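I sat down with this one to look up a handful of things and jot them down as I went. Here is what I was working from.

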Amino acid sequence: MADPLTCTASDLLPLLGGAANTTAVATFICSRFDAVSAKLSDATYAIDNTYLLFSAYLVFAMQLGFAMLCAGSVRAKNTMNIMLTNVLDAAAGGLSYYLFGYAFAFGGPSNGFIGKHFFGLKEFPSPSADYSFFLYQWAFAIAAAGITSGSIAERTQFVAYLIYSSFLTGFVYPIVSHWFWSGDGWAGAAKSSGDLLFGSGVIDFAGSGVVHMVGGIAGLWGALIEGPRMGRFDRTGRSVALRGHSASLVVLGSFLLWFGWYGFNPGSFLTILKSYGTRGTYYGQWSAVGRTAVTTTLAGSTAALTTLFGKRFLVGHWNVIDVCNGLLGGFAAITSGCAVVEPWAAIICGFVASWVLFGFNKLAEKLKYDDPLEAAQLHGGCGAWGVLFTGLFAKKAYVNEVYPGRPNRPYGLFMGGGGKLLAAQIIQILVIVGWVTATMAPLFLALHKLKLLRVSSEDEMAGMDMTRHGGMAYIYHDEDENSNLPQFKMNRIEPRDTPTGEHYSQPDSV
């Protein structure tokens with residue numbers, strides 16, 4: 001926020017001459033001036049906090065998108081399970097982030113590794129942050145946990161979800177966000193004091209690395225340690241498709257995520273009432289917010305279309321599920337540089353992100369890696385590409401607007417800014433992979449050794465909805481025995497094998 005306007009009687013006395021009561025007049029004028037200045041300051045805080053709260057609500061709406069996407073991407077017999085895990089990601093993440101996560105992430109003043117103030121929001125709000133900022137950052141934390149849940153879907157014990165989700169949102173993710181987003185972090189571009197990493201710091205504006213790579217790498221280790229779902233690969237090692245049960249839910253979830261991304265990326269400015277003063281009164285942070293929404297849209301749209309035609313060329317089908325995944329891969333990639341690149345560069349970002357997703361999916365198939373939602377490939381792989389993309393295409397003028405105060409900081413390699421920013425971005429990728437591996441892999445291994453990670457083969461074959469959650473998701477029965485309304489009930493149906501190895505269910509009766 002801009003410095004408040006000030007007025008003192010001593011400033012006005014020479015201008016008022018030697019008239020009687022000059023001091024009283026000057027004091028009165030300044031008191032009115034100060035009152036107006038305070039009102040303007042209050043209005044600025046109110047507008048900026050309202051903008052941030054609205055952005056937080058949009059990001060939280062992405063949890064509904066994740067839930068629908070996950071539900072549609074798994075088989076019907078595990079729908080209840082995966083939706084419940086999405087609910088618990090938000091609920092368990094809310095408490096763990098409140099108690100520990102926010103303090104570890106933004107509890108300054110602190111060292112470059114970890115925050116140490118505001119546990120349980122003690123002594124909050126502060127001059128540096130209000131409750132709206134906490135809510136916004138919590139929405140980001142549970143998004144990372146939601147990514148991980150998709151990778152280990154259809155075979156994971158419910159207690160394992162609770163343990164890893166609380167650990168991820170309360171400790172692992174907050175440390176990474178402290179490094180790159182806190183003013184005290186050792187590698188962030190917004191570091192408030194001291195030298196920046198390679199003179200630039202890491203530019204990860206909305207979290208291609210901080211959110212998407214963290215969630216994707218955590219999911220990678222969970223899925224690797226658990227192993228593939230039963231039936232995912234046949235005895236010869238050939239891939240067998242275990243298709244999700246509802247393309248409609250996948251599309252609904254994708255559109256909800258698209259909608260929420262307008263809080264995820266543009267909202268990361270945190271404020272909107274700020275003038276840059278470089279192109280006249282019409283241009284300010286509100287313009288950068290709009291540009292960020294445009295780059296986000298173009299990257300996702302380009303990735304979706306590239307995936308559409310790429311899949312048509314590679315396998316001969318127009319596949320809506322693959323298009324939705326490509327769309328989300330483009331969004332995950334642009335999230336790092338959305339505020340500091342030109343719209344035309346966002347098209348390049350989305351185009352490459354689509355092929356990155358193709359490549360990682362092909363590699364996963366060869367390595368017999370099973371991820372029902374392609375979450376590790378999509379968020380981890382495309383997120384890493386987005387971090388590199390920022391180091392290549394960040395524009396000098398936009399970097400100086402978003403990260404002011406250091407006019408000579410490096411910018412994108414392809415934009416004439418040298419390779420220092422790209423070097424910082426590579427460091428980010430390496431340390432995120434190392435940190436998440438060092439923390440989440442041992443956790444998943446411990447859960448595996450304690451037999452708390454994977455469900456039994458009998459439960460997995462029957463479906464966790466029936467064995468763990470009391471019934472199928474798609475059942476309706478009127479509990480009023482005396483009701484005259486017609487009743488609808490679907491009986492439990494066991495899957496039967498088809499010649500292709502896929503499982504289908506047909507209702508016995510309706």
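The entries below follow the order in which I looked things up.

**Confidence**

I started with how far to trust the coordinates, since this is a predicted model. The average pLDDT is 88, and 85% of the residues score at least 70. Then I went looking for the weak spots. Residues 485–496 stay under a pLDDT of 50, and the model gives that stretch 31 contacts beyond four places in sequence. Residues 498–510 also stay under 50, with 25 contacts beyond four places in sequence. I left both stretches, 485–496 and 498–510, out of my further reading.

**Overall make-up**

How many helices and strands are there in the protein? I get 15 helices and two strands. Of the 510 residues, 53% count as buried. I also checked the contacts with a separation of 6 or more: 72% of them join residues 24 or more positions apart.

**Transmembrane annotation**

I pulled the UniProt entry, which is unreviewed, and it lists "transmembrane region" at residues 51–74, 95–114, 134–152, 159–181, 201–225, 246–264, 344–364 and 422–447. I picked two of these spans to compare with the model. Residues 134–152 come out as 95% helix and 0% strand, with the end C-alpha atoms 28 Å apart. Residues 159–181 are 100% helix and 0% strand, and there the end C-alpha atoms lie 31 Å apart.

**Serine 149**

Next I clicked on serine 149, which sits in helix H4 (residues 131–151). Is serine 149 buried or exposed? Its relative accessible area is 0%, so I wrote it down as buried. Beyond its neighbours within four places in sequence, serine 149 is in contact with Ile82, Thr85, Asn86, Asp89, Tyr161 and Tyr164.

**Aromatics**

I counted ring pairs and got 38 aromatic pairs in the structure. I opened up phenylalanine 104 with phenylalanine 171: the ring centres are 5.8 Å apart and the planes are at 85°, so this pair is edge-to-face. What does the pair tie together? Phenylalanine 104 is in helix H3 (residues 79–106) and phenylalanine 171 is in helix H5 (residues 158–181), so the link is between parts 67 residues apart in sequence. On accessibility, phenylalanine 104 is buried at 15%, whereas phenylalanine 171 is partly exposed at 27%. Both rings also belong to one aromatic cluster, made up of Phe104, Phe113, Phe119, Phe167, Phe171, Trp179, Phe180, Trp186 and Trp435.

**Charges over rings**

I looked for arginines over aromatic faces and noted two. Arginine 291 has its charged end over the ring of tyrosine 398, at 3.6 Å from the centre. Arginine 232 lies over the face of phenylalanine 233, and there the distance to the ring centre is 4.9 Å.

**Salt bridges**

The tally here is ten salt bridges. I went through three of them.

- Arginine 238 meets aspartate 234 at 3.0 Å, N to O. The arginine is exposed at 60% relative accessible area, while aspartate 234 is partly exposed at 25%.
- Arginine 454 bridges to glutamate 460, with the closest N and O atoms 2.9 Å apart. I have arginine 454 as partly exposed at 23% and glutamate 460 as buried at 3%.
- Aspartate 459 bridges to arginine 468, where the closest N and O atoms are 3.0 Å apart. Aspartate 459 is buried at 16%, and arginine 468 is partly exposed at 38%.

I then checked for shared partners. Arg75, Glu154, Arg229, Arg232 and Asp370 are joined into one network by salt bridges of that kind. Arginine 232 is the residue I had already noted over the face of phenylalanine 233.

**Alanine 241**

Last stop was a loop. Alanine 241 lies between helix H6 (208–226) and helix H7 (247–264). With a relative accessible area of 28%, it counts as partly exposed. How far is the C-alpha atom of alanine 241 from that of proline 372? I get 9.8 Å, for two residues that are 131 apart along the chain.

Note on methods:
Residues numbered from 1 in each chain as written. Predicted model: local features only at pLDDT ≥ 70, side-chain atom pairs only at ≥ 80, totals over all residues. Heavy atoms only, no water. pLDDT = per-residue confidence, 0-100. Contact = heavy atoms within 4.5 Å. UniProt positions renumbered as here; feature names shortened; annotations may be inferred. Helix = DSSP H or I, 4+ residues; strand = E, 2+ residues; numbered from the N terminus. Buried < 20%, exposed > 50% of the residue type's maximum accessible area, 1.4 Å probe, protein only. Phe/Tyr/Trp six-rings, centres within 6.5 Å; stacked < 30°, edge-to-face > 60°. Lys NZ or Arg CZ within 6 Å of the ring centre and 35° of its normal. Salt bridge = Lys/Arg side-chain N within 4 Å of Asp/Glu carboxyl O.
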